[in-house]
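Trainee: I am new to this structure, so please choose one part of it, look at that part closely, and then show me how the helices around it are put together.

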Amino acid sequence: MDELTIFLELFKTFFLIGLFTIGGGYAMLSLIETQTVAVHGWLSEGEFIDIVGISQMTPGPIGINSATYVGYSVLQGQGAEQWLCVLGSFCSTFAVVLPSFIIMMVFVKMYARLCNNGIFKGVMTGLRPAVVGLIGAAALIMIFRFSIEDGSVSFGILHENFPDWKSWLIFAAAFAASMWTKVSPILVIVLAGIAGLILY
């Protein structure tokens, strides 16, 4: 596959993800995983989980960070030069943001007239459970592997996302620190990284 085709596929894929995602970055993750792992085969399940982890730790919305990382990784996986990989990051990031920008520009112009409309309120109320469902789907995708073969659905736990007791220990410590102390989340991330460096 040549670079131009990859750029076009990246743009189309992330434009559609940005267009049909409601509820922010976490809701976007299930669509990104489906397109990049299942549909296009650009990434493995493990690579996608790594991208999610890095996207959470870096500043900015997780969906946009994931798009940036995927754009770079896809071109790098095709053996492209580094400047083309950077352009791939820009392409996927621009594509995922563009629909929201266009919709918000239209929305801002129409909101003042529609905010008291009963149909508009009903649509907004109906979208809330869909957002919860999309976020839940993102969590399930990171835990389970789903496959459909010969009309039958099977699933299993993604053991590569739960590697060993060391990972569970770091998770438990980070969870406890976040829930029951006033430790800064940034400090939790830094300490988890240091713990991973020491344990692995």
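Mentor: Let us start with Thr13, which lies in helix H1; helices here are DSSP runs of H or I with at least four residues, strands are runs of E with at least two, and both are numbered from the N terminus. This is a predicted model, in which local features need pLDDT of at least 70 and side-chain atom pairs count only at pLDDT 80 or more, while totals for chains, interfaces and linings use all residues. Residues are numbered from 1 along each chain as its sequence is written, and side-chain values use heavy atoms, with hydrogens and water left out.

Thr13 counts as buried because its relative accessibility is 4%, where buried means under 20% relative accessible area, exposed means over 50%, and partly exposed lies in between, with a 1.4 Å probe and protein chains only. Once residues up to four places away in sequence are set aside, Thr13 touches Gln35, His40 and Trp42, a contact being heavy atoms within 4.5 Å.

For the wider setting, the secondary structure of the protein chain comes to eight helices and two strands, and from the N terminus on the elements run α-α-α-α-α-α-β-β-α-α. Of the 200 residues in the protein chain, 29% are buried. Among contacts between residues at least 6 apart in sequence, 53% join residues at least 24 apart.

The largest nonpolar core has 26 residues, and those with the most contacts inside it are Leu10, Phe14, Ile32, Phe48, Val70 and Leu75; such a core is a set of buried Ala, Val, Leu, Ile, Met, Phe, Trp, Tyr and Cys residues joined through side-chain atoms within 4.5 Å. At least two residues of this core come from each of helix H1 (3–20), helix H2 (25–39), helix H3 (45–57), helix H4 (62–77) and helix H5 (82–114). In soluble globular proteins, nonpolar side chains tend to be buried together.

Ile32 is a useful residue to follow from here, for, leaving aside neighbours within four places in sequence, Ile32 is in contact with Phe14, Ile17, Val37, Phe48, Gly63, Ser66 and Val70. Leu31, found in helix H2, is partly exposed, with a relative accessible area of 27%. With residues up to four places away in sequence not counted, Leu31 touches Ile17, Phe20 and Thr21, and the C-alpha atoms of Leu31 and Phe20, eleven residues apart along the chain, are separated by 9.0 Å.

Helix H5 can be approached through Cys91, which is found there and counts as buried at 13% relative accessibility. Apart from neighbours within four places in sequence, Cys91 is in contact with Phe7, Leu10 and Phe11, while 8.8 Å separates the C-alpha atoms of Cys91 and Phe14, which are 77 residues apart along the chain.

Now for the packing of the helices. H1 and H4 pack at an angle of about 160°, with their axes 11 Å apart; axes are lines fitted to C-alpha atoms, for helices over the stretch in contact, and angles run from 0 to 180 degrees between N-to-C directions. That makes H1 roughly antiparallel to H4, since angles under 35 degrees count as roughly parallel, over 145 as roughly antiparallel, 65 to 115 as roughly perpendicular and the rest as oblique. In this contact, Glu3, Ile6, Phe7, Leu10 and Phe14 in H1 meet Ala67, Val70, Gly71, Val74 and Leu75 in H4. These residues divide into eight nonpolar, one polar and one charged, where Ala, Val, Leu, Ile, Met, Phe, Trp, Tyr, Cys and Pro count as nonpolar, Asp, Glu, Lys and Arg as charged, and the others, Gly among them, as polar.

H3 and H4 pack at an angle of about 130°, with their axes 8 Å apart, and are therefore oblique to each other. Here Ile51, Val52, Ile54, Ser55 and Gln56 in H3 meet Ile62, Asn65, Ser66, Tyr69, Val70 and Ser73 in H4, and by class this contact has six nonpolar, five polar and no charged residues.

Finally, the axes of H4 and H5 come within 7 Å and cross at roughly 145°. Residues that make this contact include Ile64, Ala67 and Leu75 of H4, together with Leu84, Cys85 and Val96 of H5, and the residues of the contact divide into nine nonpolar, eight polar and no charged.
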